[in-house]
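Student: Could you take one part of this model and go through it closely with me? I'd like the cut-offs spelled out as you go.

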Amino acid sequence: MSDRYALIGNPVAHSKSPAIHAEFARATGQDVEYGLIEARLDGFAEAVEQFRRSGGKGLNVTLPFKEEAFRVCLHLTERARAARAVNTLRFEDEFGDNTDGIGLIRDLQQHLGVALKGKALLVLGAGGAARGVVGALLEAGVARVSIANRTAARAEALAARFPAVRACAYEALHAEAFDIVVNATSAGLADEAPPLPAGLLERAALAYDMVYGRDTPFLRAARAAGVRASDGLGMLVEQAAESFFLWRGVRPATRPVLEKLRGA
Ligand code: ATR
C-alpha cells in the first residue's frame, strides 16, 4: 500500500498541492498518495488524529491551522519556532517544521534569479504568512527587513522578535526605497491591495505576492509601474518540495513541476 500524506486546512478544495506531490512522487519513484482533508474549524486535532490512526504518515497544514499545528508538535525545528507556525507534520517522530520561508527564498533565488545578500526588503502584512518568512529572509543575508501592516501593533510585535527588523506604518513609506516588496497580506484574496504610497513600487526591482493562482491588484499595480512582478506559485512548489524531502529523504526537481503548472 502507498504511504499516505495530505493537506489539511479549511478550505482546501482548490489546492494545487495534490497535483504537485503527485508529480514529485512520479518523478522520484516514491510510492506515496497525497490527498485533501477539510477539517472543521474546531476539529483540527481530531482530524489529524483520525488520519494518523488510519495509517497516514504526515500532513501539510494550511490556513487556518498553522498556529494550532505549532502548538501540538513535540519536536519543532528552529525555523518553525521562529515562525510560531507549522506547515509540515511528520508523525513517526512527532516532528513539526515550517517550510514556507525556505520556499520563498528558493523561489526568489533559484527561479527568479534574485540575489538577496545585502538587499532591502519590505514585507507587507504581519499575520501567519509574514511570520513564516521573516526569519528565512534574515538568514538568507538581506541587509534589512521592514514590516508594514494595517494594524501597527501586529507589525511592531513581529519586528520586535528579530534584530535588524523594524515596523513601519504604510504612510511612513513614502520616503523609503526597497529592492524587493513582498506582499504577505491576504488582501489579494479579497481583490484588494495594501495601501502603498504612490511611487513606492516604482523604486523597487521586484514585487512579489505570496498569493498564487490569481492576478492580484498588487501585482497589477507593480506591472503598471513597470516593475517586475511575481505571484507565489514558485514558493508553493518549493515549500512542497521541502516537505516532500522531510518525509521521504529525497529532493524532487521543482523546475519541471513549476513549468507544468505555469503552462496549465
Ligand atoms: P495569514 O496567515 O494569511 O497571514 P492573517 O493572520 O489573517 O492571515 O493575516 C492577514 C494579513 O493580511 C494581516 O497582516 C492583515 O492586516 P491586519 O493585521 O491589519 O488585519 C493583512 N490584510 C488583510 N487584508 C488587508 C487589506 N485589504 N489591506 C491591507 N492589509 C490586509
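Tutor: Here is a walk along a helix and its two packing partners, with one loop residue on the way. This is a predicted model, so to speak of local features a pLDDT of at least 70 is needed, side-chain atom pairs count only at pLDDT 80 or more, and totals for chains, interfaces and linings use all residues. Numbering starts from 1 along each chain as its sequence is written, and side-chain values use heavy atoms, with hydrogens and water left out.

Let's start with α9, residues 233–248. Helices here are DSSP runs (H or I, at least four residues), strands are E runs of at least two, and both are numbered from the N terminus. The axes of α9 and α5 come within 7 Å and cross at roughly 120 degrees; axes are lines fitted to C-alpha atoms, for helices over the stretch in contact, and angles run from 0 to 180 degrees between N-to-C directions. That makes α5 and α9 oblique to each other (under 35 degrees is roughly parallel, over 145 roughly antiparallel, 65 to 115 roughly perpendicular, the rest oblique). The contact (heavy atoms within 4.5 Å) involves D100, I102, G103, L104, R106, D107, Q110 and H111 from α5, and G234, M235, E238, Q239 and E242 from α9. By class, that's three nonpolar, five polar and five charged residues. Nonpolar covers Ala, Val, Leu, Ile, Met, Phe, Trp, Tyr, Cys and Pro, charged covers Asp, Glu, Lys and Arg, and the others, Gly among them, are polar.

Now for the other partner: α9 packs with α10 at an angle of about 140 degrees, their axes 10 Å apart, so this pair is oblique too. L233, G234 and V237 of α9 meet V257, L258, L261 and R262 of α10, and the tally is five nonpolar, one polar and one charged.

V257 sits in α10, residues 255–263, and is buried at 7% relative accessible area (buried means under 20%, exposed over 50%, partly exposed in between, with a 1.4 Å probe and protein chains only). Leaving aside residues up to four places away in sequence, V257 touches I20, E23, F24 and V237.

Back at the α5 end, N98 lies in the loop between β6 (95–97) and α5 (100–111). N98 is buried as well, at 2%. A polar atom of the N98 side chain lies 2.9 Å from the backbone oxygen of A85, and one lies 2.9 Å from the backbone nitrogen of D100. D100 is also among the α5 residues in the contact with α9.

Technical notes. A polar contact is a pair of N or O atoms within 3.5 Å; within protein, one must be able to donate a hydrogen and the other to accept it, and residues adjacent in sequence count only if both atoms are side-chain atoms.
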